[in-house]
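Here is a walk through one protein model, taken a piece at a time. Keep the picture open while you read.

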Amino acid sequence: MDYVIVNGEYIKRSEAKVDIEDRGYQFGDGVYEVIRVYNGKMFTASEHLERLIESGKKIGMEIPYTVSELKQLLVELITKNQLVLGTLYMQVTRGTSPRNHAFPAADVRPNLVVYSKEVGRPIENMQQGVKVILNEDIRWLLCDIKSLNLLGNLMAKQKAVEAGCFEAIQHRDGIVTEGSLSNISIIKDGKVITHPADNLILNGITRQKVLGICRNNDIPFAETTFTLEDLKNADEIFLSGTTVEVTPIIEIEGKKVGAGTVGPLTKKLQILFEGEIEKECGKIR
Ligand SMILES: Cc1ncc(COP(=O)(O)O)c(C=O)c1O
């Protein structure tokens, strides 16, 4: 069955409706999360749900659910939809209220919507690597919030697609920030380097997992800015994200990264990352 959650209720997808004055629909006034499901179990659910609540706080919106309440709702959705391998998409908007830029009255309750989707792992991209373009980062200055407002990201991704590439690597004043739907790390002389978790990037849950893996396996890493020049001179480069896991970049605007194949440290991180998934969700191959 294909159920969705609307404000805590399980409804058939075909019967779910959004009010035209939902503030998410009108303004993109809300926040969202995407959680991966492997073997019918959520991966890093607490981290995603904590970030959702945190994103809400950053836009002045109190999400009326706790992490454990949300988790219970999601577990039941997985069961009802018999989801084995896929994603959960959830969004919380500032509620339904007559259109007005100012926030609605405090008694307007945020709207929660969750749905699930069956989707396989990005095996081919992970094994073969992907091509990317470079794109100026024209987004706002609160990229740490997982906001529904994604126009900058969408326009960047579209440019990549039109160029026959998977992702657009964004840069601001010569500093590489992140992709349109993923974080980016470079590897130079055995060290993993990724942009600090500040207001210019989304602090990816996958990014944090990868850094934890580095910490626990004595792989040198740094959360420091790096330039377009550093990107061009990197030995290996990879994307990280809920949907892309650890995906190697093998070509930037037609120029090969290293030998143009998946590098050894990226491969090692992929294996260790799978280990993390298996710790939470059981064997995945
Ligand atoms: C702009 C952006 N950066 C990074 C990420 C990766 O975050 P996570 O690992 O939490 O999925 C995403 C994922 O949606 C994203 O949209």
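Is Ser55 buried or exposed? Ser55 is buried, with a relative accessible area of 2%; buried means under 20%, exposed over 50%, and partly exposed in between, using a 1.4 Å probe and protein chains only. Before we go on, a word on the ground rules: this is a predicted model, where local features need pLDDT of at least 70, side-chain atom pairs count only at pLDDT 80 or more, and totals for chains, interfaces and linings use all residues. Residues are numbered from 1 along each chain as its sequence is written, and side-chain values use heavy atoms, with hydrogens and water left out.

**Around Ser55**

Ser55 sits in helix α2 (residues 45-58). Helices (H or I, at least four residues) and strands (E, at least two) are DSSP runs, numbered from the N terminus. Skip the neighbours within four places in sequence, and Ser55 is in contact (heavy atoms within 4.5 Å) with Val31, Ile145 and Lys146.

Ser55 has buried company in α2: Ala45, His48, Leu49, Arg51, Leu52, Ile53 and Gly56 are on the list too. The cover over the buried residues of α2 includes β3, β4 (41-42), α3 (67-81), β5 and α6.

How far apart are the end C-alpha atoms of α2? They are 20 Å apart, which agrees with the 20 Å that 14 residues should span at 1.5 Å a residue; the expected span is 1.5 Å times one less than the number of residues. Just after α2, Gly60 takes a positive phi of about 75°.

**Two domains and the spaces they line**

The domain assignment, which is automatic or from a database, gives domain 1 (3-118) and domain 2 (123-281). Their C-alpha centres lie 26 Å apart, and 26 residues of domain 1 are in contact with 19 residues of domain 2.

Now for the empty spaces. On a 1 Å grid over the protein atoms alone, a cavity is a set of points where a 1.4 Å probe fits but cannot get out, while a pocket is an open set with protein on both sides within 12 Å along at least five of seven lines; lining residues have an atom within 4 Å of a point. Grid points are joined across faces, edges and corners, and a volume is the space filled by probe spheres set on the points. For the classes below, Ala, Val, Leu, Ile, Met, Phe, Trp, Tyr, Cys and Pro count as nonpolar, Asp, Glu, Lys and Arg as charged, and the others, Gly among them, as polar.

| Space | Volume | Classes of lining residues |
|---|---|---|
| Largest pocket | about 1200 Å³ | 19 nonpolar, 19 polar, 11 charged |
| Largest cavity | about 50 Å³ | 4 nonpolar, 5 polar, 2 charged |

Where does the largest pocket lie? It lies between domain 1 and domain 2, because both give residues to its lining. That lining has 49 residues, of which Tyr32, Lys146, Leu150, Ser180 and Leu181 lie nearest the centre of the pocket. The largest share, 5 residues, comes from α5.

The largest cavity also draws at least three lining residues from each domain. Among its lining residues are Arg36, His48 and Phe273.

**Two odd backbone angles**

Most residues other than glycine have a negative phi. Gln82, however, has a positive phi of about 50°; this residue lies in the loop between α3 and β5 and is exposed at 62% relative accessibility. Asp189 has a positive phi too, near 50°, and is exposed with a relative accessible area of 67%. Look for Asp189 in the loop between β10 (183-188) and β11 (191-194).
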